[in-house]
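Please look through the sequence and the model below, and keep both in view while reading the paragraphs that follow.

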Amino acid sequence: MRRWRGLEATPGDLGRTVVTIGMYDGVHRGHQALIGAAVDRARALRRPCLLLTFEPHPAEVIRPGSHPAILTSIDRKTELVADLGVDDMCVLPFTQEFMRLSPGSFTHTVLVEHLHAAQVVVGQNFTYGHKAAGTVQTLAEEGRRFGFTVEGVPLRGVEGDGDEVTISSTYIRACVAAGDMESAARALGRPHRVDGVVVRGDRRGRELGYPTANVETPAYTAVPADGVYAGHLVLRDPRTGRSKERFPAAVSVGTNPTFEGNRRTVEAYVLDFDGDLYGEHVGVEFASRLRAMAAFPDIPSLIAAMDDDIARTRALLDVPPAG
């Protein structure tokens with residue numbers, strides 16, 4: 001899949017396209033249905049499917065200081081949408097200037113002049129242009145003028161607490177913030193994951209017999225609530241961002257209150273692994289929260305709790321005892 005940033009970098013051989021537009025943060029089950037519809041239309045027309053997304057999140061530009069927690073990095077988003085069959089991905093910088101484009105200017109400049117849309121597939125609640133004045137209906141009217149068709153795809157729901165809730169990135173962020181990884185996974189269609197680079201920590205885990213990979217995540221990453229989780233550590237190719245090997249892990253999120261820490265960290269103890277992970281690009285997947293973060297009265301109590309965390313992680317992930 002080709003990916004470029006900014007309209008000026010659009011390949012000259014692009015041709016006419018089927019375009020789908022959105023932040024697609026999380027690439028959750030609702031997004032997957034929408035992208036799947038766009039891919040199907042593109043295959044039927046024998047044209048490439050192009051996904052148009054934005055960076056940074058529009059909320060940060062429209063209301064500075066309101067940047068939401070991000071569920072998927074650009075590299076992870078690229079991997080996920082490529083797996084769904086998307087052929088091209090254009091990342092538009094969301095700036096003050098871009099924010100002020102009228103719906104008509106957005107349609108003409110972005111969709112017609114640069115992306116050569118033959119069809120546009122969006123969610124039924126899609127809005128665009130200055131002050132979100134454009135809707136699916138106005139886009140369809142502009143499409144008739146400029147020679148492309150428009151399809152609005154219904155939103156999807158998921159069972160939550162006995163009721164069906166609409167799948168949205170906002171809902172998933174709330175699940176993650178609460179440590180409810182099972183509900184997040186149902187909406188995402190896979191475990192929630194944070195990406196980052198393994199950096200050197202205080203090496204305290206090694207001293208306790210549980211060496212951990214200290215994962216430094218980018219700003220605004222949707223890190224789950226403090227606690228201990230069962231999950232996996234995924235190695236990533238630093239050049240392509242694509243996932244490689246996947247290992248079961250017990251994951252700690254928090255400030256290490258037993259040692260009066262004040263910096264929030266994500267640390268993964270990879271089960272039955274003996275190797276150097278420093279500098280590796282990794283993803284940390286969260287399957288289930290085992291317990292809240294706690295301060296223990298002494299080191300033996302902490303180690304006993306960690307022993308139990310590992311045993312529960314093995315049971316939950318169906319990993320046999322070591323040796």
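At 0% relative accessibility, V122 counts as buried, because buried is the word used for a relative accessible area under 20%. This valine has its place in strand β5, and the structure in which we find it is a predicted model. Which residues surround V122, once its neighbours within four places in sequence are left aside? V122 is in contact with I21, L34, V136, E151, G152 and V153. One of these, G152, lies 30 residues away from V122 in sequence, and yet the two C-alpha atoms are 5.1 Å apart in space.

A second buried residue is T72, whose relative accessibility is 6%, and its place is in the loop between α2 and α3. The side chain of T72 reaches the backbone nitrogen of G26 at a distance of 2.9 Å. If we do not count residues up to four places away in sequence, T72 touches Y24, D25 and G26, and it also touches K77, L80 and R190.

From this loop we can move on to the sheet, where six strands form a closed barrel with antiparallel pairing, in the order β11-β12-β15-β14-β13-β16. Neighbouring strands of this sheet are turned against each other by 45° on average, if their direction is ignored. One pair to follow by eye is made by strand β13, which covers residues 227–236, and strand β16, which covers residues 281–291; they pair in the antiparallel sense over eight bridges. Within this pairing, L233 has V284 in β16 as its bridge partner.

Which strands does helix α3 touch where it packs on the sheet? Helix α3, made of residues 74–83, touches β11 (192–199), β13 and β14 (243–254), and its direction makes about 130° with that of β11. Helix α8, residues 181–188, also packs on the sheet, where it touches β11, β13 and β16, and the direction of this helix makes about 130° with that of β16.

The loop between β3 (49–55) and α2 (58–62) holds P56, and here the backbone deserves a careful look. A cis peptide bond joins E55 and P56, with an omega of about 0°. H57 is found in the loop between β3 and α2 as well. Is H57 buried or exposed? H57 is buried, since its relative accessible area is 15% and the limit for buried is under 20%. Apart from its neighbours within four places in sequence, H57 is in contact with M23, H67, P68, I70 and R173.

Two further loop residues are worth finding for their backbone angles. H116, in the loop between α5 (103–114) and β5 (117–123), has a positive phi of about 50° although it is not a glycine. D272, in the loop between β15 (265–270) and β16, likewise has a positive phi, of about 55°, and is not a glycine. How should we describe the exposure of these residues? H116 has a relative accessible area of 30% and is therefore partly exposed, and D272, with a relative accessible area of 49%, is partly exposed too. Both descriptions follow from the cut-offs, because partly exposed lies between buried, which is under 20%, and exposed, which is over 50%.

Notes: Residues are numbered from 1 along each chain as its sequence is written. This is a predicted model: local features need pLDDT of at least 70, side-chain atom pairs count only at pLDDT 80 or more; totals for chains, interfaces and linings use all residues. Side-chain values use heavy atoms; hydrogens and water are left out. Two strands pair if DSSP finds at least two bridges between them. Helices (H or I, at least four residues) and strands (E, at least two) are DSSP runs, numbered from the N terminus. Axes are lines fitted to C-alpha atoms, for helices over the stretch in contact, and angles run from 0 to 180 degrees between N-to-C directions. Contact means heavy atoms within 4.5 Å. Buried means under 20% relative accessible area, exposed over 50%, partly exposed in between (1.4 Å probe, protein chains only). A polar contact is a pair of N or O atoms within 3.5 Å; within protein, one must be able to donate a hydrogen and the other to accept it, and residues adjacent in sequence count only if both atoms are side-chain atoms.
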